[in-house]
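Got the structure open in your viewer? Here's a short tour: I'll tell you what to select, and you look at what is there.

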Amino acid sequence: MSYDLIDDEENRLFDSAPICNFPNLKKHLTEMGIQIGKAGAWHSVGTVDVLPEDIGERILFEDGGIFYIDDEGIKRRGFMYKAAFYFKYQGRENRPKFHVCKCTAIENFGREAYRFANAEPIKVYSRNAHKEVEVEGMELCGYCKRLLMDEEAIRVNDSTDFVEILKEAGDVEEPTEYDVDIFGYVKNWEEISLNYRAKRNFTCERCGTHVEDFDRYFMQTHHKNGIKTDNRESNLECLCIKCHSEVNDTHIHNFSSAAQRIVIDEYMRKYHGKESFRFMKAERNLQEHFIKNDDNDLPF
């Protein structure tokens with residue numbers, strides 16, 4: 001059987017229309033001010049040579065990954081890799097790595113030519129053979145591995161696994177304009193978040209902790225793919241502030257402020273009977289201060 005026929009059959013399978021469509025619901029959500037993207041089937045974009053002027057226009061680096069905007073305005077998630085590579089260098093066999101986030105390596109874009117793809121096999125110019133070669137099963141960049149969402153980080157062993165995730169998720173045709181706040185959330189995100197958390201009974205979907213009504217602020221709504229305007233229920237997750245702060249390195253950094261740590265400490269003491277190392281150290285230092293100063297007139 002011809003491999004071309006197999007590829008054509010695969011494209012027909014993933015290019016098929018969504019099974020269900022709810023135009024009235026989408027219209028109602030739009031009237032409520034809830035901006036939603038139109039989920040579509042995955043489609044290969046082929047091999048795209050990325051130019052410096054494409055960054056921010058056709059190639060977008062977002063919390064949810066690297067995206068390519070095709071000629072139809074469809075936002076397609078994918079990966080980047082070096083366009084040219086030494087497969088053999090100083091007697092050692094090498095294989096290119098692929099990138100799914102704006103990691104340290106990608107931040108040096110411009111020193112090396114890169115390509116974008118969302119399917120395999122990919123085409124790489126071999127500096128040894130002086131010709132284009134096809135490659136599959138590339139290793140994920142170590143920097144990207146640490147930035148990848150937990151669920152995906154577990155599943156992704158190589159680029160073949162990542163392509164399967166892309167096919168399952170599909171692509172998103174986003175509205176041309178968003179009414180968003182300064183943080184990138186749609187204007188009634190608080191309403192969307194509250195409704196979703198209520199549907200999950202204010203229970204963390206990872207650790208299973210349930211909070212009382214007056215402690216709702218301990219439960220937050222997380223965007224699985226990192227895209228704040230993608231408010232499809234399948235992309236939302238109800239997480240306690242502790243689990244939310246540990247989703248990946250980006251979230252660990254975002255929750256590292258003193259104010260955030262105070263809230264996390266309060267949650268841990270109240271619902272898990274634990275105190276963070278930072279809190280216990282601060283309390284111990286305070287006690288040592290009073291002992292050192294021999295203050296016998298403390299009001300407690």
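Start by selecting strand 11, residues 122-126. This is a predicted model, so keep that in mind as you click around. Show the side chains and turn the strand over: Ile122, Val124 and Ser126 sit on its covered face, while Lys123 and Tyr125 are on the uncovered one. That back-and-forth pattern is no surprise, because side chains in a regular strand alternate between the two faces of the sheet.

Now add the neighbours. Select strand 6, residues 84-85, which runs parallel to strand 11 and is joined to it by two bridges. Click Ala84 and look across to its bridge partner in strand 11, Tyr125.

Next, pick strand 12, residues 131-135. Strand 12 runs antiparallel to strand 11, with five bridges between them. Label Val124 and you'll find Val133 of strand 12 standing opposite. Then follow the chain through the hairpin: four residues lie between strand 11 and strand 12, and His130 takes a positive phi near 60 degrees.

Time to move on to a pocket. How much space lies in the second largest one? About 1,000 Å³. To find its centre, select Tyr185, Lys228, His244, His251 and Asn254, the closest to it of the 36 lining residues. Elements that give two or more residues to this lining include helix 7 (189-199), helix 9 (249-254) and helix 10 (258-272). Strand 15 gives the largest share, five residues. Finally, colour the lining by class: you'll get 14 nonpolar, 14 polar and eight charged residues.

Definitions and conventions. Residues are numbered from 1 along each chain as its sequence is written. This is a predicted model: local features need pLDDT of at least 70, side-chain atom pairs count only at pLDDT 80 or more; totals for chains, interfaces and linings use all residues. Side-chain values use heavy atoms; hydrogens and water are left out. On a 1 Å grid over the protein atoms alone, a cavity is a set of points where a 1.4 Å probe fits but cannot get out, and a pocket is an open set with protein on both sides within 12 Å along at least five of seven lines; lining residues have an atom within 4 Å of a point. Grid points are joined across faces, edges and corners, and a volume is the space filled by probe spheres set on the points. Ala, Val, Leu, Ile, Met, Phe, Trp, Tyr, Cys and Pro count as nonpolar, Asp, Glu, Lys and Arg as charged, and the others, Gly among them, as polar. Buried means under 20% relative accessible area, exposed over 50%, partly exposed in between (1.4 Å probe, protein chains only). Two strands pair if DSSP finds at least two bridges between them.
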